Amino acid sequence: METDRATPFPWARVLHVGLCLLRLPPAIFWAMTPVEFHAVAGGLAPRSIVARADLGALMAQFPDGLTPSKRRNDHGD
């Protein structure tokens, strides 16, 4: 029989992100709502996923191992 068990809240991770990485003052950290914390921690940032075909095209356009004199600059030269 399969049971639906709730995943425990990751307190250690949240405390580490809030107090250590973001360096939020404890009063600010504890006053935040979960949604506010999620936003401050980057949870609302768009995820950029590169498709395999796009990655292949980029690798062909910008291969590794070119000498500095043969690299393209930002102006397409």
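**Close-up views of the aromatic residues and the largest pocket**

**View 1. Four aromatic pairs occur in the structure, which is a predicted model****.** Phe29 and Trp30 make up one edge-to-face pair, because their ring planes stand at 85 degrees, with the centres 4.9 Å apart. The two partners fall into opposite classes of exposure: Phe29 is buried, at a relative accessible area of 6%, whereas Trp30 is exposed, at 53% relative accessibility.

**View 2. Phe29 also forms an aromatic pair with Phe37****.** This pair is edge-to-face, with 90 degrees between the planes and 5.8 Å from centre to centre. Phe37 has a relative accessibility of 14% and therefore counts as buried, the limit being under 20%.

**View 3. One aromatic cluster is formed by five named residues: Phe9, Trp11, Phe29, Trp30 and Phe37****.** Within this cluster, Phe29 is buried and Trp30 is exposed.

**View 4. The largest pocket has a volume of about 380 Å³****.** Its lining comprises 15 residues. Those nearest the centre of the pocket are Phe9, Val14, Pro34, Phe37 and His38. Phe9 and Phe37 are also members of the aromatic cluster.

**View 5. Three helices, α1 (11–21), α2 (26–31) and α3 (34–40), each give two or more residues to the lining of the largest pocket****.** The largest share comes from α1, which provides four residues. By residue class, the lining of the largest pocket consists of 11 nonpolar residues, three polar residues and one charged residue.

Note on methods:
Residues numbered from 1 in each chain as written. Predicted model: local features only at pLDDT ≥ 70, side-chain atom pairs only at ≥ 80, totals over all residues. Heavy atoms only, no water. Phe/Tyr/Trp six-rings, centres within 6.5 Å; stacked < 30°, edge-to-face > 60°. Buried < 20%, exposed > 50% of the residue type's maximum accessible area, 1.4 Å probe, protein only. 1 Å grid on protein atoms, 1.4 Å probe; cavity = no way out; pocket = protein on both sides within 12 Å on 5 of 7 lines; lining within 4 Å. Points joined across faces, edges and corners; volume = space filled by probe spheres on them. Nonpolar A, V, L, I, M, F, W, Y, C, P; charged D, E, K, R; others polar.
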